[in-house]
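The following report describes one protein chain, going from the whole chain to individual residues.

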Amino acid sequence: MCSATFGDQMWSTRGVGLTRVLAAIRVRAGPTVKLVFEDAKEGKRKASVTTKQMKAMEEARIAAQKKKDALLTELERDEEKLKKGKFLGLF
């Protein structure tokens, strides 16, 4: 990340190339620049966390679908019972 041309914001420079990063440093409004570097191990750790999150999301989606299917089956059984039974429980 590199500090913005004006202000205190930080801009991501991931994947933009060295030429653009150097150009961003040259056009500073002031004499200082802030850089944030990322460790290669940090990227791998973030990727593993993201993978775990995706797996948890998929498991939650599957569990929700199973619950939805079970509720739908129960609803269909109840409707069949009502069709076979008396009209509003009166006749």
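## Surface, fold and two loop residues

The accessible surface of the protein chain, computed by the Shrake-Rupley method with a 1.4 Å probe and, for residues, with only the protein chains shown counting as cover, amounts to about 8,400 Å², and carbon and sulfur atoms account for 61% of it. This is a predicted model, in which local features need pLDDT of at least 70 and side-chain atom pairs count only at pLDDT 80 or more, whereas totals for chains, interfaces and linings use all residues. Residues are numbered from 1 along each chain as its sequence is written, and side-chain values use heavy atoms, with hydrogens and water left out.

The chain has two helices and two strands, taken as DSSP runs numbered from the N terminus (helices H or I, at least four residues; strands E, at least two), and the order from the N terminus is β-β-α-α. Of its 91 residues, 7% are buried, where buried means under 20% relative accessible area, exposed over 50% and partly exposed in between (1.4 Å probe, protein chains only).

Two loop residues can be set side by side.

| Residue | Loop | Relative accessible area |
|---|---|---|
| Arg 14 | between strand E2 (10-11) and H1 | 63%, exposed |
| Val 33 | between helix H1 (18-26) and helix H2 (40-84) | 34%, partly exposed |

The C-alpha atom of Arg 14 is separated by 9.9 Å from that of Cys 2, and these two residues are 12 residues apart along the chain.
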